[in-house]
Amino acid sequence: MSKHSCNKIWIHLIWETLGKQKVLTKSARLKVFDFLYKYSKEKNIYMKINFVNADQVHVLIDFSDKYKC
C-alpha cells in the first residue's frame, strides 16, 4: 500500500435567477465575473471556470488546492 495519497476535489457552483429569467445585463455580468475573479485571487482559490450569462452563473473551483501532491 502506498504511503502517499493524492486527492482532487472539484466543486461546480451554480447560481440562477428566479424562474431562470434573463435579468443580468451585460454590465452586471461583467461585474459578477470580475468580482468572482478578484475574490478567488484574494483567497488563493484556483478557479478553472467562471461563466456568467443572463440567467446563470457557473464556477468550477479546485477545493483540494492546499492538499496537492
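1. Two strands are said to pair if DSSP finds at least two bridges between them. With that in mind, the structure, which is a predicted model, has 3 strands that form an open sheet in the order E1-E3-E2, and the pairing within this sheet is antiparallel.

2. The edges of the sheet are taken by strand E1 (10-16) and strand E2 (46-52), and because each has a single partner strand, one side of each is left without a neighbour in the sheet. From one strand to the next, the twist averages 10 degrees.

3. The pairing of E2 with strand E3 (residues 56-62) can be followed in some detail, since these strands run in the antiparallel sense and are joined over 6 bridges. For a single example to look up in the structure, Tyr-46 has Asp-62 in E3 as its bridge partner.

4. Beside the 3 strands, the secondary structure of the protein includes 1 helix, and reading along the sequence gives the pattern β-α-β-β. That helix, H1 (residues 26-42), lies across E2 and E3, and the direction in which H1 runs is at about 170 degrees to E2.

5. Turning to the protein as a whole, 63% of the contacts with a separation of 6 or more are accounted for by residues that stand 24 or more positions apart.

6. As for burial and surface, 23% of the 69 residues count as buried, where buried means under 20% relative accessible area. The accessible surface of the protein comes to about 5,900 Å², and carbon and sulfur atoms hold 60% of that surface.

Methods: Residues numbered from 1 in each chain as written. Predicted model: local features only at pLDDT ≥ 70, side-chain atom pairs only at ≥ 80, totals over all residues. Heavy atoms only, no water. Helix = DSSP H or I, 4+ residues; strand = E, 2+ residues; numbered from the N terminus. Axes fitted to C-alpha atoms, helices over the stretch in contact; angles between N-to-C directions. Contact = heavy atoms within 4.5 Å. Buried < 20%, exposed > 50% of the residue type's maximum accessible area, 1.4 Å probe, protein only. Areas by Shrake-Rupley, 256 points an atom, 1.4 Å probe, with all protein chains shown as cover.
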